[in-house]
Amino acid sequence: MVMNIKVVLKSGKDQSLFRRHPWIFSGAIKKIYGKPEEGDLVKVYDNMDEYLATGHYQYGSIAIRVLSFEDIPIDEEFWYQRLVSAYNLRHMLGLDTPGQNNVYRLVHGEGDDLPGLIIDYYNGHVVMQMHSIGMYRSLPYIESALKKIYGDRLLTLFNKSESTLPFKGPVTPMNEFLMGNTEGTTVLEHGHAFKIDWFSGQKTGFFVDQRENRMLLKTYAKSRSVLNTFCYTGGFSVYALAGGASRVHSVDSSAKAIGLVNENVALNFKDAPHEAFAVDAFKYLDNIAGQYDLIVLDPPAFAKHNNALNNALQGYKRLNQIALEQIRPGGILFTFSCSQVVTKENFRKSVFAAAANAKRKVRILHQLTQPGDHPVNIFHPEGEYLKGLVLHVE
Ligand code: SAH
């Protein structure tokens, strides 16, 4: 990896770096000394030749993702320190507790000062998704740091970056096992068992980010008739049953997900009052008047880019409105958005419009977000992607 390519920013375009924002846009660059390739390490200087940062160079509007604001070598020790501090945070959060919890996000990109890197830990099996070529090319360092941190506990290292890398020029990424060859396992999330299939499942195999919100739902589930839409592997369904729901219906358009929900319910309960349906959630929601008094809406990101924002907001409004119109009086709605470009305020406005159209009295009981193993770097507010509201509907 070429280390000495120097990038100089235009005067006045260094402000975001003083606020430690980890992205440098191509428009901020005045001059590049040399010809960096996608993923090369570059050093960034201001117009007066003062050092500002070191980062991975990439083609596109985000030209550099900053790894360090100190002029330190990005070597084996650097990678070990970053990963060990990520591990220590999860340990401090109590997420690595044998017998209770052994699934967590080990690295959350910018939130762990490792832009472009996602790592989830599933009871000794580690699944990585790289979103930049720089991270992809740093793999040998990441691999050796993980081996040092987990020692004998590390059973599998699976790099699942084929679909997450934005540009495939200098490398041909494949999904590959770097260690072991296990395609799935069973984990414990706060004492609830889940089968994870990282090999053919969505993302890294499980939505680790809803852990605390599932715990909250459990406290509301007693004797309620629950509908879990966009259920994927049934996280909310399992917690609802554990909380004493009178019945739980799970809905997802993916038949494979529905198969996993049924397996996960069976893993935890003998005869659960549960049924799962592989259908479109919007269609299912058309005919549920008076059937449910706890509904979960956790759709996939409706907007991946800013230009899709308006359609996404309309989508959230429509979805929430049909649920709000039909939920039983006294019902509880858990509603989420995981679109990064939809702000907390925008999401709330969509739900507000839905409530107004549904002509129901609606109160906000809780405002939810992602848990501590998905930390938000305060200088990178874009990292706060998960928004949720718990509503009481009269
Ligand atoms: N709540 C889940 C995560 C949801 S991810 C959890 O806690 O694990 C979003 C899910 O929505 C995916 O499983 C996807 O298959 C499903 N999905 C996408 N479009 C859908 C639609 N129109 N109807 C039903 N499910 C849909």
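This dialogue walks through several features of a predicted model, beginning with the ligand and ending with single residues.

Q: Which residues come nearest to the ligand?
A: A ligand site can be read by listing its neighbours and then picking out the ones that approach most closely. In this predicted model, there are 15 residues around the ligand, and those that come nearest are Arg214, Asp252, Asp280, Ala281 and Asp298. Sorted by class, the shell around the ligand holds eight nonpolar, three polar and four charged residues.

Q: Which atoms of Arg214, Asp280 and Phe230 lie close to the ligand in distance terms, side chain or backbone?
A: Here one asks which part of the residue supplies the N or O atom. For Arg214 the side chain supplies an N or O atom, 2.8 Å from an oxygen atom of the ligand, and for Asp280 the side chain again supplies an N or O atom, 2.9 Å from a nitrogen atom of the ligand. Phe230, by contrast, uses a backbone N or O atom, which lies 3.1 Å from a nitrogen atom of the ligand.

Q: How much of the ligand does the protein bury?
A: The ligand taken alone exposes 590 Å², and 88% of that is buried by the protein.

Q: Which residues touch the most other members of the largest nonpolar core?
A: A core can be read first through its members and then through the elements that supply them. The largest nonpolar core has 36 residues, of which Tyr122, Leu217, Leu294 and Phe334 touch the most other members. At least two residues each come from strand S13 (192-197), helix H5 (211-220), helix H6 (235-242), helix H7 (255-268), strand S17 (294-297) and strand S18 (331-337), and H6 gives the most, with five residues.

Q: Why does this core lie between domain 2 and domain 3?
A: The core lies between them because domain 2 (76-187) and domain 3 (207-393) both give residues to it.

Q: Where do Arg20 and Asp49 lie, and what are their phi values near?
A: For a backbone angle, one looks at the sign and at the kind of residue that carries it. Arg20, in the loop between helix H1 (15-18) and strand S2 (23-25), has a phi near 60°, a positive value in a residue other than glycine. Asp49, in the loop between strand S4 (41-45) and strand S5 (51-57), likewise has a positive phi, near 70°, and is also a residue other than glycine. As for accessibility, Arg20 counts as partly exposed because its relative accessibility is 36%, and Asp49 is partly exposed with a relative accessible area of 46%.

Q: Are His21 and Asn159 buried or exposed?
A: The label follows from relative accessible area, with buried meaning under 20%. His21, which sits in the loop between H1 and S2, has 13% relative accessibility and therefore counts as buried. Asn159, placed in strand S10 (residues 156-159), has 0% relative accessibility and so counts as buried too.

Q: Which side chains do His21 and Asn159 join in polar contacts?
A: The side chain of His21 is joined to that of Glu382 by a polar contact of 3.1 Å, while a polar contact of 2.5 Å joins the side chains of Asn159 and Ser161.

Q: What separates Asn88 from Lys10 along the chain and in space?
A: Sequence separation and spatial separation are read as two values. Asn88, in helix H2 (residues 76-92), is 78 residues from Lys10 along the chain, and their C-alpha atoms are separated by 38 Å. Asn88 is partly exposed, with a relative accessible area of 43%.

Key:
Residues numbered from 1 in each chain as written. Predicted model: local features only at pLDDT ≥ 70, side-chain atom pairs only at ≥ 80, totals over all residues. Heavy atoms only, no water. Near = heavy atom within 4 Å. Polar contact = N/O pair within 3.5 Å; in protein donor to acceptor, adjacent residues only side chain to side chain. Areas by Shrake-Rupley, 256 points an atom, 1.4 Å probe, with all protein chains shown as cover. Nonpolar A, V, L, I, M, F, W, Y, C, P; charged D, E, K, R; others polar. Core = buried A, V, L, I, M, F, W, Y, C linked by side-chain atoms within 4.5 Å. Buried < 20%, exposed > 50% of the residue type's maximum accessible area, 1.4 Å probe, protein only. Helix = DSSP H or I, 4+ residues; strand = E, 2+ residues; numbered from the N terminus. Domains from an automatic or database assignment.
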